[in-house]
Amino acid sequence: MKVGIPKGLLYYKYKPFFNTFFEELGAEIIESPDTNKDILDLGSTLCTDEACLPIKVFHGHVEKIKDKCDLILIPRIMQIYKREFICPKFCGIPEMIENNIEDLPIITKAPIYLFSSDKFFKWAYETGKILTKNFFKIQKAFERAQNEQKKFKEGINDKGYALKVALIGHTYNIYDTFINMNVKNKLNKLGVGVITHEVVDDNVKYLEIKKLFKRPFWTFAREYYGFISYALKESLIDGIVYLSSFACGIDSVIVELIKLDFENVPFLLLKIDEHTGEAGFDTRIEAFVDMLSRRKRGNLA
Amino acid sequence: MKITFPHMGNVYIAAKFLMDGLGIDYVIPPLNSKRALEIGTLYSPEEICLPFKIMMGNYIESIEKGADTVILTGSCGPCRFGEYAELQMKILKKLGKNLDFIVFDLPSDIGFDELKRRIDKIALKSPKNKKEKVLALLDAYKIINLIDSLEAKAKYKAGYEKEKGECKRLLNECKKEVLKTNNPKEAISILKEYHRRIDNLKIDKSKNPIKVAIIGEIYTIIEPFSNLYIEDKLMDMGVSTKRTLSPSWWVYNTVLLSPLKLTARKIRKSAKEYLPIGIGGHGQECVGEAILSYKEGFDGAIQIFPLGCMPEIVSKSILPSISKDKDFPILSLVVDEMTGEAGYQTRIEAFIDLLERRRRYVLSRS
C-alpha cells in the first residue's frame, strides 16, 4: 500500500514518528515535494478563502499527491499536552480536506491525543488497521516510531554570531523555507544568530507562565511566552523576530501578550501570506538588524 | 464597587435585574454603537476577532460612567475567547485604567475553590441574605428566558403578521418598557404581558413566508450590532427567522448541562455525519443547525462569523457540501469593523430573492 504524507502543518515536528510508523507496517511512503509555487497556488484555489496560509499550503500538498497513493495521512491532532489545545482548525482538518478536495483516496480521520501513550495508540490502531490485520505488528511499529520520535532533536541554536534573536513562530512556518523565504538564512547572512523555543526545556516554560493571570490553554502560547520570558531573563537574545501567518488566530493573541509584557525589547513581526513579496520582507529584516546593531553599539559605548 | 459587563444581545437586561436583585451598584454600557466599535478597534490588536473589539469599546464607555469591575465568562480553549480576559486586562492596565476583572471559568479548569472565591467577590458585596441572593439569580434566569423566547416568537411571527412591522414594534417597545423598572418581579410581569400581546397578535396563517435559520458564531449572531441588525432587516422583508443560539440557550447548555456532558446533544448528533468531533467555539453546532434547519423545512440558512474565527472557518468549508448534498442554500457572511452596510444589504437581498425564486419554480420543497 502506498501511503502519502503531505509536508505541511506539524509534519516538521512529527515526521520521524509518522515515517517510521508507516514504514514498519510495510507501506511505501510517498512524501509530497517541498512547498513550491505550484503547491501554494493549488492550495489557495482549493481552500476556503478565510483560512490561513499553512492550512492552504497543506491543501496544496494533499492535492499534489492524492492520485499517487492509496491512503493519505491527515493528522487530526487534538491535543499535544494535557489540558492544552492547539488550533481549532487542526481538529477539523480532515473535514476541511474532505469537503474542499475531490476524488480523495482513503484519509486518516482518527483523532490524535499525544499526551498519553494509550490514547495515542488508539489512533495508531485505527490507522494501522487499514494496512494490516496483525495487532502485534501495529504495536511494534508504534513503539519503534515513538522511539524514533524521541531521538529527534528539534530546534535551532546558532553559535558564534555577534547578535542573536529569538525566532518565534509555528513549526510549519519556521521550517518551511519556501513560505518563510528562508528567513533564517537571511538573518544569518546579516550576522544574526537564531534561537528557537525548542532549545529551552519545557519545565522552565511552565515556571515562566505562572506570572500570567490565566494559564494559557494553547500549547503554542505557553511555549513561546515561556521561552521569551526565560530568554530575556537570561539575556540570551537581543531581539525577537515573530514569524506569523496572516489571520492566524493564535498568533494574534500571543503577539499581543509578548508585546504588552516585554515592552522594551526590539520586536519584528513578519506576516506571511500568499501575497508576501520578498523585497519588502528583506528591507524590513535589514532595517531591524541595523537597529539591533546600533542598539548594541550604543549599549557598549 | 461598580460592576459592568460587555454587551451580548439581551444579556444586559438579565444582568441589570440580577444586580438590582442583589443590591449591587452597576453600570450598563451604552448600547453598542459606532463609537464603541471605534474606541474598541483603536485599543485592540489588529488581527483579533470582532467581539474583542466591541467588548473593549463597552469597557471604556462604562469606565467613563464610573465602572471599576468587569464581569466576564471565560472558557479554556481552543477558541480565542478564553484568552480575552488576559489581554483585555493588560491593555486596560496600559491605558491607566486599573479594573478588577472577575472571570467565571468552568470549575473543571480553575477548580471549585477558585470559582467560589470569584463568586464571593461579588456575592459578599451584596447586602441581601442568602435566600434573597438565590432568588435574585433565579429571577435573572427567568428574565433571560422570557426575553429570549419573546424575541424568538417575534422574529418567527414577523413573516405572518397582518400589519407589517407590528412584531418589531412590540419587541422594541418591550425592551424599552422593561428597563424602566428596577424590580425583577415587575420586569417578569412586564415580559409576561408582552408575551401575551405577541401571542394575541393578528396573524395571517395563509401566508407562507420565507423561513431562514441564522447560524454561526455565537457572539456575532446574538449581538445585533455586530451583524448589522440582520434579523431586523429580515423582519422588514417579511422573512421568518429562527436562531437557536441565544444567551438563555448558552446558560442552559454551558452552565447547566456541560458538567453532565449533555451540551447541545440534538444539534451535535445532527452534525455527526459531517463533523464528528467538537472543534471548539460553536463550529459543530453551526454544522448541526444547518442540517436541523433543513430537516425542519427552512428555505435556507445564513451563517455569520467574525473575520478570522477559527472554528467557523472549518464549518464554512463543510457548509458547501451540506448545501450540495441536501439542495439547501446557505449564505456565509463575514463581519468585521470594516463591513460596509450597502454591500451587506445587497447580499442578503439577493439571497432572499434566490429563495423566493426557488419556491416559484420546480426547486420548491414546500
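The following exchange concerns the contact between chain A and chain B, and the nonpolar cores, in a predicted model.

Student: How many residues does each chain bring to the contact, and how much area do chain B and chain A bury between them?
Tutor: Chain B gives 40 residues to the contact and chain A gives 39 residues. Of the area buried between the two chains, 64% lies on carbon and sulfur atoms, and B:E47, B:E83 and B:M310 supply 18% of what chain B buries against chain A, more than any other three residues. The area buried between chain B and chain A is about 3500 Å².

Student: Which side chain of chain A meets B:K94 in a salt bridge?
Tutor: Between chain B and chain A there are six salt bridges. A salt bridge here needs a Lys or Arg side-chain nitrogen within 4 Å of a carboxyl oxygen of Asp or Glu, and at 3.6 Å, N to O, the partner of B:K94 is A:E263.

Student: Which helix provides the largest share of the side of chain B that touches chain A?
Tutor: Between the chains, 13 residue pairs are in polar contact, both residues being at pLDDT 80 or more. On the chain B side, α4 (84–94), α5 (107–110) and α15 (310–326) each supply at least two residues. The largest share, nine residues, comes from α15(B).

Student: Which residues have the most contacts inside the largest nonpolar core?
Tutor: That core has 121 residues. One of its members, A:F21, touches residues including A:W123, A:I138 and A:F142, leaving aside those up to four places away in sequence. The residues with the most contacts inside the core are A:F21, A:F22, A:W123, B:F101 and B:I322.

Notes. Residues numbered from 1 in each chain as written. Chains lettered and ligands numbered in written order. Predicted model: local features only at pLDDT ≥ 70, side-chain atom pairs only at ≥ 80, totals over all residues. Heavy atoms only, no water. Contact = heavy atoms within 4.5 Å. Buried area = accessible area lost by both parts, 1.4 Å probe. Polar contact = N/O pair within 3.5 Å; in protein donor to acceptor, adjacent residues only side chain to side chain. Helix = DSSP H or I, 4+ residues; strand = E, 2+ residues; numbered from the N terminus. Core = buried A, V, L, I, M, F, W, Y, C linked by side-chain atoms within 4.5 Å. Buried < 20%, exposed > 50% of the residue type's maximum accessible area, 1.4 Å probe, protein only.
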